[in-house]
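Colleague: Hi! Could you walk me through this one while I have it open on my screen?
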Amino acid sequence: MLKTAPATLTKCCAVLALGLLSLAPAYAQSSKIAWLSSERIYNESKLAKVAGDKLAEEFSRREKAVQDLAVRMKTVSEKLEKDNATLAEAERVKRQKEYFELEKEFQRRQREFREDLNQRTNEERAAIAEKATRIIKQLALTEGFDIVLQDAVWASPRIDITDKVLSALDKDK
């Protein structure tokens, strides 16, 4: 998955904030820090499940068309391999050309399918992230967090607010 600019910016801000906190130990001791798992937000929220269903429905016809083309390509390849010894040279060249054209078409459609699916997935994730960010900011203000980190290597369950954000996000739906 491609990293988005907001995710990179968020990580840079988090690293900068941690650096600033390490420079001021007295302030850091009185700071209130929270952490959340963005992957859990993207995978476990009701919005994520709705978005996944929406994408599956939106792309199911194209996915089936790509799969059908793969089956057709396999059939042509097997038939060519089976009949190869008995075919006249002109017919063999014709069938090989047909197979290579099918293979090119399959690769093109598969690439376009993946690109379009990735783009739409990123759009849906951005919408979820926007709603989650609003909730995180509101939660930070009401609970007095000085900083909210995401995607840490490790965080204590004591500062994990992922469940609170998921709950609020599912209500906000």
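Modeller: Happy to. One term before we start: a residue is called exposed when its relative accessible area is over 50%, and buried when that area is under 20%. Also keep in mind that this is a predicted model.

Colleague: Good, let's use that on α6. Which residues of α6 are buried?
Modeller: Thr-162, Val-165, Leu-166, Leu-169 and Asp-170 are the buried ones in α6. They lie on the same side of the helix, because the arc they cover around the axis is only 130°.

Colleague: And what is exposed on the other side of α6?
Modeller: Over there, Asp-163 and Lys-171 are exposed.

Colleague: What do the buried residues of α6 pack against?
Modeller: Their partners are β1, α3 (38–44), α4 and α5.

Colleague: Okay, on to the nonpolar core. How many residues does the largest one have?
Modeller: The largest nonpolar core has 16 residues, and among those with the most contacts inside it are Ile-41, Ile-128, Phe-145 and Val-165. At least two residues each come from β1 (33–36), α4 (46–83), α5 (89–143) and α6 (162–172). The largest share is that of α5, with 6 residues.

Colleague: Which residues does Ile-41 contact, neighbours within four places in sequence aside?
Modeller: Ile-41 is in contact with Leu-36, Ala-48, Ile-128, Ala-132, Thr-162, Val-165, Leu-166 and Leu-169. There is also a second, separate core of 10 residues, which includes Leu-55, Val-66, Met-73 and Phe-106.

Colleague: Now a polar one. Is Asn-43 buried, partly exposed or exposed?
Modeller: Asn-43, which sits in helix α3, is partly exposed, because its relative accessibility is 49%. Residues up to four places away in sequence aside, Asn-43 touches Ala-48, Lys-49 and Arg-125. Asn-43 and Arg-125 are 82 residues apart along the chain, with 9.8 Å between their C-alpha atoms.

Colleague: What about Arg-95, buried or exposed?
Modeller: Arg-95 has a relative accessible area of 18%, so it counts as buried. Its place is in helix α5, and beyond its neighbours within four places in sequence, Arg-95 is in contact with Lys-79, Leu-80, Asp-83 and Leu-87.

Colleague: Last topic, pockets. How much space lies in the second largest pocket?
Modeller: About 150 Å³.

Colleague: And what classes of residue make up its lining?
Modeller: The lining of the second largest pocket has 7 nonpolar, 2 polar and 2 charged residues. Among the lining residues are Trp-35, Leu-149, Trp-154, Ser-156 and Arg-158.

Technical notes: Residues are numbered from 1 along each chain as its sequence is written. This is a predicted model: local features need pLDDT of at least 70, side-chain atom pairs count only at pLDDT 80 or more; totals for chains, interfaces and linings use all residues. Side-chain values use heavy atoms; hydrogens and water are left out. A nonpolar core is a set of buried Ala, Val, Leu, Ile, Met, Phe, Trp, Tyr and Cys residues joined through side-chain atoms within 4.5 Å. Buried means under 20% relative accessible area, exposed over 50%, partly exposed in between (1.4 Å probe, protein chains only). Helices (H or I, at least four residues) and strands (E, at least two) are DSSP runs, numbered from the N terminus. Contact means heavy atoms within 4.5 Å. On a 1 Å grid over the protein atoms alone, a cavity is a set of points where a 1.4 Å probe fits but cannot get out, and a pocket is an open set with protein on both sides within 12 Å along at least five of seven lines; lining residues have an atom within 4 Å of a point. Grid points are joined across faces, edges and corners, and a volume is the space filled by probe spheres set on the points. Ala, Val, Leu, Ile, Met, Phe, Trp, Tyr, Cys and Pro count as nonpolar, Asp, Glu, Lys and Arg as charged, and the others, Gly among them, as polar. The arc is that of the directions from the helix axis to the C-beta atoms.
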